[in-house]
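Colleague: I would like a close look at a single part of this protein, taken slowly and with its surroundings included. Please start from the part itself and work outwards.

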Amino acid sequence: MDWGNVSTQDLIEALREVEWSSPPRPPSEFFSRFTFPRSYTKWNSRLKCNLYYYRTNYFIMIVVILALGFLRGPLAIVAALLTALSIAFLNDSFAGTFSEKVTRTVRQFSPHLAAKMRPPLTPVIRGRPSAKRAIFICGRPRSVFVFVFSIVSFFLWFVSCGLLTVLWALGIGLLEHLI
């Protein structure tokens, strides 16, 4: 397969559809025979090919790195997860799906509480719903969840001393981009 003509979106779709239960490739194969490609197109092609071919190996590496990071600084991992969740709440479809699934789960245990978690009715003006539809998560405006998760994650970044690491990483990334 000519991996140079495969777009990133095609690769992501292929990774979604592929069987992930395949065993990892042997470490001797995974770590051997590495040579630097001579051009950007070959580098890009090899990156896509390796990501697809060694997907299970990369997944295991990510899990091990996160586990080691959690052992070293569990608060920083929790802070990273809360930051990712607060950013994900900015996506309309994620916020709606999250709210719906949480409400369904709560409904199994407490229908009364689940009724309180429903979003308020949208106002109808002259037979039409209002133009701007607000997104609610568990009956509260989305901005409340984003704000609370952001504040908690910032506090955990600060307490875990991971804030300095994140700021250094952002600074180095910005400096590299400017140069």
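Which residues of α5 are buried?

Modeller: The model is a predicted one, and in it the buried residues of α5 are Ala76, Ala79, Leu82 and Ser86. Viewed down the axis of α5, these buried residues fall within an arc of 125°, so they line one face of the helix. The helix itself covers residues 74-88, which makes 15 residues, and from its first C-alpha to its last it reaches 21 Å, close to the 21 Å expected at 1.5 Å a residue.

As for what lies over that face, the cover of the buried residues of α5 includes α8, residues 142-159. A residue that shows this from the other side is Phe149, which, leaving aside its neighbours within four places in sequence, is in contact with Leu82, Leu85, Ser86 and Phe89. Two of these partners, Leu82 and Ser86, are among the buried residues of α5. Phe149 counts as buried because its relative accessibility is 18%, and the cut-off for that term is under 20%.

The aromatic rings deserve a passage of their own. A pair of aromatic rings is described by the distance of the centres and the angle of the planes. On that footing the count comes to 4 aromatic pairs. One of them joins Phe89 and Phe145 edge-to-face, with 5.8 Å centre to centre and 75° between the planes. This pair links distant parts of the chain, since Phe89 sits in the loop between α5 and α6 while Phe145 belongs to helix α8, 56 residues apart. Phe89 and Phe145 are both buried. Another pair, formed by Phe145 and Phe149, is stacked, with 6.2 Å centre to centre and 20° between the planes. Phe145 and Phe149 are 4 residues apart in helix α8, and therefore about one helical turn separates them. Taken together, ring pairs link Phe89, Phe98, Phe145 and Phe149 into a cluster.

Several of these residues return in the largest nonpolar core, which has 17 residues, and in which Phe89, Ile137, Cys138, Phe145, Phe149 and Trp157 touch the most other members. The elements that give two or more residues to this core are α5, α6 and α8, and α8 gives the most, with 5 residues.

From α6, which spans residues 92-109, Ser99 is worth a look. Ser99 is buried, with a relative accessible area of 7%. Not counting residues up to four places away in sequence, Ser99 touches Phe136, Ile137 and Cys138, and of these Ile137 and Cys138 are among the core residues that touch the most other members.

To set this part in the whole, the protein has 9 helices and 4 strands, and from the N terminus on its elements run α-α-α-α-α-α-α-β-β-β-β-α-α. Of its 179 residues, 21% count as buried. The protein exposes about 14100 Å², of which carbon and sulfur atoms supply 68%. Among the contacts with a separation of 6 or more, 64% come from residues 24 or more positions apart.

How values were computed:
Residues are numbered from 1 along each chain as its sequence is written. This is a predicted model: local features need pLDDT of at least 70, side-chain atom pairs count only at pLDDT 80 or more; totals for chains, interfaces and linings use all residues. Side-chain values use heavy atoms; hydrogens and water are left out. The expected span of a helix is 1.5 Å times one less than its number of residues. Buried means under 20% relative accessible area, exposed over 50%, partly exposed in between (1.4 Å probe, protein chains only). The arc is that of the directions from the helix axis to the C-beta atoms. Contact means heavy atoms within 4.5 Å. Accessible areas come from the Shrake-Rupley method with a 1.4 Å probe; for residues, only the protein chains shown count as cover. A nonpolar core is a set of buried Ala, Val, Leu, Ile, Met, Phe, Trp, Tyr and Cys residues joined through side-chain atoms within 4.5 Å. Rings of Phe, Tyr and Trp (its six-membered ring) pair if their centres lie within 6.5 Å; planes under 30 degrees apart count as stacked, over 60 as edge-to-face and the rest as tilted.
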